[in-house]
Amino acid sequence: MTFSAIGKKGKASYAYLEVPVKSGWKATNNGKKAEISSYLGTFMKFKLKPGINKIQLTYTIPKLKLGSLISGLAAFVLLLVAFWPKIRQRSRK
């Protein structure tokens, strides 16, 4: 998600989004890493710099790689158990 916001000079400006703050969100402001703050304990808030701010949000599912690895290993073990009798018969011949 990308959006632009204008920050005022000489005054602290913020952008507020009605998107829940959760792990997995990363933000950049004009290409540099931006800090995601909490507003009302739930929503996202960004501090704006004077002028035009182009904010980009990206979301990645937390622990996705770990979950995929565990699922892949489990599938491998299930296939091994399913075909183990056939593998043993071939090795005895």
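Contact here means heavy atoms within 4.5 Å. This is a predicted model. One open sheet has four strands, and another open sheet has three. Leu-48, in strand S6, has contacts that include Ser-13 and Ile-55. A nonpolar surface patch of about 790 Å² includes Phe-76, a residue of helix H1.

**Four-stranded sheet**

- The strand order is S1-S7-S3-S4, and the pairing is antiparallel.
- Strands S1 (2-7) and S4 (32-34) stand at the edges. Each has a single partner strand, so one side of each is left without a neighbour in the sheet.
- On average, neighbouring strands of this sheet are turned by 35° against each other, direction ignored.
- Strand S3 covers residues 25-29 and strand S7 covers residues 51-59. Five bridges join these two antiparallel strands.
- Thr-28 has Gln-56 in S7 as its bridge partner.

**Three-stranded sheet**

- This open sheet runs in the order S2-S6-S5, again with antiparallel pairing.
- S2 (13-20) and S5 (37-39) are the edge strands. Each pairs with a single strand, so one side of each is left without a neighbour in the sheet.
- Neighbouring strands here are turned by 40° against each other on average, direction ignored.
- Six bridges link S2 and S6 in the antiparallel sense.
- Ser-13 stands opposite Leu-48 in S6.

**Leu-48**

- Where does Leu-48 lie? Leu-48 belongs to strand S6, which spans residues 43-48.
- Is Leu-48 buried or exposed? Its relative accessibility is 9%, and buried means under 20%, so Leu-48 counts as buried.
- Leu-48 and Ser-13 are 35 residues apart along the chain, yet their C-alpha atoms are separated by 5.3 Å.
- Leaving aside neighbours within four places in sequence, Leu-48 is in contact with Ala-5, Ile-6, Gly-7, Ser-13, Tyr-14, Ala-15, Asn-53 and Ile-55.
- Set beside the strand ranges, Ala-5, Ile-6 and Gly-7 fall in S1 (2-7). Ser-13, Tyr-14 and Ala-15 fall in S2 (13-20). Asn-53 and Ile-55 fall in S7 (residues 51-59).

**Helix H1 and the nonpolar patch**

- Helix H1 covers residues 64-92, and Phe-76 lies in this helix.
- Phe-76 has a relative accessible area of 52%; exposed means over 50%, so Phe-76 is exposed.
- Which residues make the nonpolar surface patch of about 790 Å²? They are Phe-76, Val-77, Leu-79, Leu-80, Val-81, Phe-83, Trp-84 and Ile-87.

Definitions and conventions: Residues numbered from 1 in each chain as written. Predicted model: local features only at pLDDT ≥ 70, side-chain atom pairs only at ≥ 80, totals over all residues. Heavy atoms only, no water. Pairing = 2+ DSSP bridges. Axes fitted to C-alpha atoms, helices over the stretch in contact; angles between N-to-C directions. Buried < 20%, exposed > 50% of the residue type's maximum accessible area, 1.4 Å probe, protein only. Patch = residues over 30% accessible without salt bridge, like charges linked within 9 Å, V, L, I, M, F, W, Y side chains within 5 Å. Areas by Shrake-Rupley, 256 points an atom, 1.4 Å probe, with all protein chains shown as cover. Salt bridge = Lys/Arg side-chain N within 4 Å of Asp/Glu carboxyl O.
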